[in-house]
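Please follow the paragraphs below with the sequence and the coordinates open side by side, moving from the contact between two chains to individual residues and helices.

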Amino acid sequence: MLLRKLLINYPYFAAVILFAVGAVIVLTRSNLIKKLIGINIIESAVFLMFVAAGNIRSGVPPILDQTRPEAVYVNPLPSALMLTGIVVSVSVSALALALVYRLYKAYGTLDARRIAEMRSEVRNR
Amino acid sequence: MMTAIRNNLPVLVVVAPLCIGFVLPTLVRRVRLVETLVIAITVIGLVGAGYLASLVFSGGGTTIVYSMGGWPAPWGIELVAGSAAVLILLMIAIVVMPIALFSANNLSHEVGASNRTVWFYTLYLLLTGALAGMAVTNDLFNVFVLVEVATLSCCGMVAARNHSRAAEAALTYLILMSLGSALLLGGIGLVYIITGHLNMGYASQELSRIWQDYPRVIWLAASFLLVGLGVKSALFPLHVWLPDAHSYAPSPASAVLSGLAVKGYLLCLMKILYNVFGGSLIQQLAVDKIITVLGMLGIIVGSVFALAQDELKRRLAFSTVAQLGYAFMGMGLVNTRALTGSLFYVLGHAVSKAVLFLAAGAIITASGKERISELAGIGRKMPVTMAVFTIASLSLVGIPLFAGFVGKWNLLLGSLDAGNWLAAAVVIAGSVLCGAYLFPIIRIAYFEPAPSRDLQDPGMPQKVGMLLLAAAVIILGVVPGPFLELARRAAVDFLAIR
């Protein structure tokens, strides 16, 4: 029964798995670029959930068709919202990469742990 | 012309700073002009926000509803200027103008080159517009977009300081903020999936009808929204980014981040919890208890950490964690007086903490000393700076006749109304701890022998900016009437939705 539910709602199940994968990467990896990739995976999970919510199986694209009055249209709103979401996500990634580049120039490494060590060495001196 | 401006005021307060912000980079070689322009637009913003507030206030509880692009509510985006919205708009306008004045001709030593100050001002106006938008919007997805605009501009302002620690603080901030955004978007998505509405009013009606059918989804949505906005507004265990980000930012940025930015997210959380979920539903989900307990922990732990800091701006940053605890605690106590206190405290803390960070910035710029133990005798060398610092400290501690007292008093009465004696005790203990970490700074500055080096107050615009904010602290404390009434009406409106 539970398995059947999962199979029917597989896009949501995939979103949960993607979210978990992204969260693990962000929390366990110390490489800053990998952390950013993890964040992008988490965001994709949320986008997937939204877009899946707008979809209706055997629905048609939401363009009014006089010849088929019985047609069921898919909900276009979540997809339109996710376009905005993707734009936001791209700009966040761009800013984050710029900051990572600045840190790389200052410390010569991409490892968050190494950067923290180098900083505490400077402070103790 | 005037009626056109008047009818479109709720959208103009949001759009005008955004538009001007994007024009500024074209004037990158003319820094003086940009500074004048920013001060002018913030003064106009203050007039606009004041006028909007007077319309709502004299209307006696009426709210101004504005449909974007003329599309009515369930389809179009709706802006609502109610009591809470205009109170927060006024707060933004009151704090933004003096900080712009303080920044005039005072930024380049902190951000590096003079053309970078222009970009800083762009971010400053973007943040202002986004915060104003958060105050008036009544649409869940719009909340997300504005939260992102605010987050990116905050992050840029932290990174604007030419210091590698600032870049690191900004990156930590950005990583945690994007986790928060993903959770916020997920929460909004879940609410949309079960209600089919993004408008807060319609979503709330639908939710009160169907929530029993989706108990787990409601839980998930509430926890996503609480953690997502909690990270952004520094709810206690999620505050880890705040001390670094707020203390390594340039001083005007610290003032606006600590004073305003976190409050915008806090208001969004309040709007979503009360206007979408409604008071009775959040009590059934026990979200109110979680927020109260985390708020109380924030007050105590934030204050204790603040006591342990020797760097001036870091102590003030931890103090922000503690003071935000009060706002959260009031939010969780779900009664009129506690919510009134919470909203008024947000306002009082915004002006007081802005003064403290500006004064700290002036002291650090003049003396080059960042540690509290090195500030001996600075009160006699920089009388104006230390005087406003003292006024703001008295306000945060909660001495009568200053802004912080009115908020804390209402929070105290509110926690007694809720029958929560522990909360009342924490309000008082928090005040004592606040005195314990702020008064030693004043003692060292005034009563220890002065250094031989020659220091002086910052220039005229800086002094005027700080004095204006200090005047606001005193005005809010001596004649809180209209502001308190707005906060009370806002609290009644929040609790009216079941």
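In this predicted model, 23 residues of chain A are in contact with 20 residues of chain B. On the side of chain A that touches chain B, α3 (32-54) and α4 (77-107) each supply at least two residues, and the largest share, 13 residues, comes from α4(A). Sorted by class, this side of chain A has 17 nonpolar, three polar and three charged residues.

Chain A itself has five helices and zero strands, and read along the sequence it follows the pattern α-α-α-α-α. Its radius of gyration is 21 Å, well over the 14 Å that the globule rule gives for 125 residues, so chain A is more spread out than a compact globule. Along the principal axes, the C-alpha atoms of chain A fill a box of roughly 80 × 35 × 15 Å, and buried residues make up 25% of the 125 residues in the chain. Of the contacts in chain A between residues at least 6 apart in sequence, 49% join residues at least 24 apart.

The interior can be approached through the largest nonpolar core, which has 228 residues and in which Leu87(B), Leu89(B), Val158(B), Ala170(B) and Val355(B) have the most contacts. Helix α8 (residues 164-195) of chain B provides the largest share of this core, 19 residues. Leaving out residues up to four places away in sequence, Leu87(B) touches Leu343(B), Leu347(B), Phe483(B), Leu486(B), Ala487(B) and Ala490(B).

A single residue gives another view of chain B: Thr385(B) is found in helix α18 (residues 383-397). Thr385(B) counts as buried because 27 other C-beta atoms lie within 10 Å, where 20 or more are required. Its contacts, apart from neighbours within four places in sequence, are with Ala359(B), Ala362(B), Ile363(B), Asp457(B) and Met466(B). Thr385(B) and Leu467(B), although 82 residues apart in sequence, are 8.8 Å apart in space, C-alpha to C-alpha.

Finally, consider a pair of helices. Two packed helices are described by the angle between their axes and the distance between the axes. Helix α9 (residues 200-210) and helix α12 (residues 251-277) of chain B pack at an angle of about 50°, with their axes 7 Å apart, and α9(B) and α12(B) are therefore oblique to each other. Met200(B), Ala203(B), Ser204(B) and Leu207(B) of α9(B) make the contact with Lys271(B), Asn275(B), Val276(B) and Phe277(B) of α12(B), a set that by class has five nonpolar, two polar and one charged residues.

Conventions. Residues numbered from 1 in each chain as written. Chains lettered and ligands numbered in written order. Predicted model: local features only at pLDDT ≥ 70, side-chain atom pairs only at ≥ 80, totals over all residues. Contact = placed C-beta atoms within 7 Å. Helix = DSSP H or I, 4+ residues; strand = E, 2+ residues; numbered from the N terminus. Nonpolar A, V, L, I, M, F, W, Y, C, P; charged D, E, K, R; others polar. Buried ≥ 20, exposed ≤ 12 C-beta atoms within 10 Å, placed from the backbone. Core = buried A, V, L, I, M, F, W, Y, C linked by C-beta atoms within 7 Å. Axes fitted to C-alpha atoms, helices over the stretch in contact; angles between N-to-C directions. Parallel < 35°, antiparallel > 145°, perpendicular 65-115°, else oblique. Rg over C-alpha atoms; globule rule 2.2 N^0.38 Å.
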